[in-house]
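I opened a notebook to keep track of what I looked up in this structure, one topic at a time. Each entry says what I went to find and what I then read off.

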Amino acid sequence: MIDTLRLTAEQAIGLLERREVSAEELSEAYLAAIDERDAELHAYLRVVGGTGDGVPVALKDCITTRGIETTAGSKILQGYVPVYDSTVAARCGAAGLPLLGKTNMDEFAMGSSTENSAFGPSRNPWDPSRVPGGSSGGSAAAVAGGLAPWALGSDTGGSIKQPAALCGIVGLRPTYGTVSRYGIVAFASSLDQIGPVAKTVRDVALLYSIIAGRDPLDSTTAELPEPVALPEDESLAGVRLAVPRQVAGLDAIEPGVRAAFEKTLETARELGAEVGECDLPLSYRYGMPCYYLVAPAEASSNLARYDGVRYGPRVVGATYGEMVDRTRDAGFGPEPKRRIMLGTYALSAGYYDAFYGQAQRVRTLLIREHREALEGFDAIVTPTSPTVAFPIGDKAADPLAMYACDLLTIPSCLAGLPGLSIPCGLSEGLPVGLQLIGRQFGENGLFRIGHALEGGIGFDTVPERLR
Ligand code: GLN
C-alpha cells in the first residue's frame, strides 16, 4: 500500500529505482487518492492521468499543456486547448514525470485564497472549511492532501509561498529569471515566477533542478550560476539570519503565528545559527501599494489579448467592439475586472508617471533596501503569512483585507529575490509558515538553511485530521 499522504517525492524515486513499485502503480495510487478526496478538496480542475516513468506531478492551470485544456481559473479561457507545451511542462515531461492533472487557482493568479477561481474554491486539507491560500491553492492543497507528491505553482506576489504556508508544506519562489515563463498565462510579467511545492525542502530542490535554467524561448531567463545542490547539512553553524526590525511592530501578525516564528528562531539558534536584525522600513510601508500599482498595470496590458478572437469563448455582438466588450464582460470575474480598471487608470496618459512611474522608483528603493539588509546575512527570516488559513468567505467581500495577506511576501518579490517557505509549527491547530529570503540566485543557500531547520522543527506535514 502506498501512503500518498506520507510518501515524499524522493522516497517515491527510491521506490521506483529499487523497482518496488512501477511508475503506473505510483500514479494509480495518487489517482485513487484524488478519487477519494478531491470531491471535498477541489484541488484539481482537470485530472489527466498522463504517462511517464517517473514520479507524477500536478501543474497549476496557468501552465500551458499541449492538448490539455488550460484555463488559468478563468471562464474567458474555458475550452482553450493549447497547441504547445510551456517550457516547464515540457521539462517535466522530458524528465519522465507523468501529469496527474491541472490544479485550481485564483483567476489569472489574482488572489490569496483560491476563492477567485471561476470554477469554485479549493479547500484546505487541514480544515476544509478554510482556504488553502492562493493563488496556487490547488497545487498546495493537492500536495498537503496527498493528491500529488509535488506540484508547480506560480508566484507574482506570494502565490507559492503563502499557500504552502497555509497548507503546511514547502514552497519556493525562485529568483526572477531562473525559470522559464514560456507558455505561462501571464499576470504581471516583471514579477511572475514558476516554482515548486512539495513536502520537503529536498523535494522542492529536486523539482526546481528539473525546471530551472536558461530557456532560449524566454529571453528573461538566465543560466544558473551553479548547479542545484541537494541539501544535506543538519547544522546551521556559521549561518547568519536576519529578522527585519519592523516585524515586531506589524499588528497584522497573529499572536499564534508570532509565537511559532519566535520558537523557530530559538530552534535556529540551537542548530548553531546566529540571529541578528536588519532594517526594511520602506518594504512594509510601501511594498503593498507599490505592488498594487505595478501588478495591475502589467495585468491590464497582459489581459488585453482576451478579445473573443484568439482564445476561448466569444459572446457575439453587432460590431467588433461590442463583441469584445461582451466577451470580456462575461468572461472575466470581478477581481480581474478590478485590476484591469486599476491598471488601465494607472497607465493612462497624465497618470502614468504619477502612478506606474512612481511605483517603479519605489521598487528600485526596495531592491536597494533588500540588498543592504542582506549584507552580512545569509537570509532574511519572517513569518510567511500574517495569519493562518482563514474560513472560506471571510475576506471575500473585502479586497483590501485579501491584499493584506501578502504583506510579508510581496517586498522580496518586487526585489526579484528568491523565497522559501517551510512549515514551522501550528497555531490553533493550523500550519504556520516561515519565510526565508535569500540573495539573487541564492537558492542553494535557502535549501541548506531550510533543510537544517526542517530537521530541527520536525513538523509533520500530514494534516492532523487525516493521520
Ligand atoms: N495575492 C497577490 C495578488 O493577488 C499575489 C498573487 C500571486 O502571487 N499570483 O496579486
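The entries below go through salt bridges, a charged patch, a strand pair, some distances and the backbone.

**Entry 1: the kind of model**

I note before anything else that this is a predicted model, and I keep that in mind for every value I write down.

**Entry 2: salt bridges**

I began with the charged side chains, and I found that the structure holds 24 salt bridges. I picked out some of them to look at in detail.

My pick to start with was Asp61 and Lys102, which form a salt bridge in which the closest N and O atoms are 3.1 Å apart. I then asked where the two partners lie: Asp61 is in the loop between β2 (57–60) and α3 (87–94), while Lys102 is in strand β3 (residues 99–103), so the pair ties together parts that are 41 residues apart in sequence. I also wanted to know whether these charged residues are buried or exposed. Asp61 is buried, with a relative accessible area of 0%, and Lys102 is buried as well, with a relative accessible area of 0%.

Next I turned to Glu36 and Arg37, whose side chains meet in a salt bridge at 3.7 Å, N to O. Here I had to look up each partner separately: Glu36 counts as exposed at 61% relative accessibility, whereas Arg37 is buried, with a relative accessible area of 11%. I reminded myself that buried means under 20% relative accessible area and exposed means over 50%, so the 11% of Arg37 falls under the lower cut-off.

I then went to Glu335 and Arg338, which form a salt bridge with the closest N and O atoms 2.3 Å apart. Both residues belong to helix α10 (residues 334–347), and because they are three residues apart there, about one helical turn separates them. Glu335 counts as buried at 7% relative accessibility, while Arg338 is partly exposed, with a relative accessible area of 35%. I also wrote down a network, in which salt bridges that share partners join Arg6, Asp460, Glu464 and Arg467.

**Entry 3: a negative patch on the surface**

Which residues form a negative surface patch? I found that Glu24, Glu25, Glu28 and Asp53 do so. I followed up on one of them, Glu24, and located this residue in helix α2 (residues 23–41). Glu24 is exposed, with a relative accessible area of 53%.

**Entry 4: a strand and its partner**

I wanted to see how strand β7 (residues 240–244) sits in the structure, and I noted that four of its five residues are buried, so the strand is largely enclosed by the rest of the structure. I then looked for a pairing partner, and found that β7 and strand β8 (residues 274–278) pair in the parallel sense over five bridges. To have one concrete contact, I looked up Ala242, whose bridge partner in β8 is Gly276.

**Entry 5: distances in sequence and in space**

I chose two pairs of residues and wrote down how far apart they are along the chain and in space. Leu207 and Leu152 are 55 residues apart in sequence, and their C-alpha atoms are 8.5 Å apart. Leu207 lies in helix α6 (residues 201–211) and is buried, with a relative accessible area of 0%.

For the other pair, Cys424 and Ala29, I noted a separation of 395 residues in sequence and 28 Å in space, C-alpha to C-alpha. Cys424 has its place in strand β10 (residues 419–427), and at 7% relative accessibility this cysteine counts as buried.

**Entry 6: the backbone**

I kept a general rule at hand, that most residues other than glycine have a negative phi and that most peptide bonds are trans. I then wrote down places that depart from it.

The peptide bond from Gly134 to Ser135 is cis, with omega near 5°, and Ser135 lies in the loop between β3 and α4 (137–144). Ala109 is also found in the loop between β3 and α4, and its phi is near 65°, a positive value in a residue other than glycine. Ala109 is buried, with a relative accessible area of 6%.

Glu428 has a positive phi of about 55° although it is not a glycine, and I located this residue in the loop between β10 and β11 (430–437). Glu428 is exposed, with a relative accessible area of 65%.

Definitions and conventions:
Residues are numbered from 1 along each chain as its sequence is written. This is a predicted model: local features need pLDDT of at least 70, side-chain atom pairs count only at pLDDT 80 or more; totals for chains, interfaces and linings use all residues. Side-chain values use heavy atoms; hydrogens and water are left out. Patches are made of residues with over 30% relative accessible area and no salt bridge: like charges are joined within 9 Å, nonpolar side chains (Val, Leu, Ile, Met, Phe, Trp, Tyr) within 5 Å. Accessible areas come from the Shrake-Rupley method with a 1.4 Å probe; for residues, only the protein chains shown count as cover. A salt bridge is a side-chain nitrogen of Lys or Arg within 4 Å of a carboxyl oxygen of Asp or Glu. Lys and Arg count as positive and Asp and Glu as negative; His and the chain ends are not counted. The place of a charge is taken as NZ of Lys, CZ of Arg, CG of Asp or CD of Glu. Helices (H or I, at least four residues) and strands (E, at least two) are DSSP runs, numbered from the N terminus. Buried means under 20% relative accessible area, exposed over 50%, partly exposed in between (1.4 Å probe, protein chains only). Two strands pair if DSSP finds at least two bridges between them.
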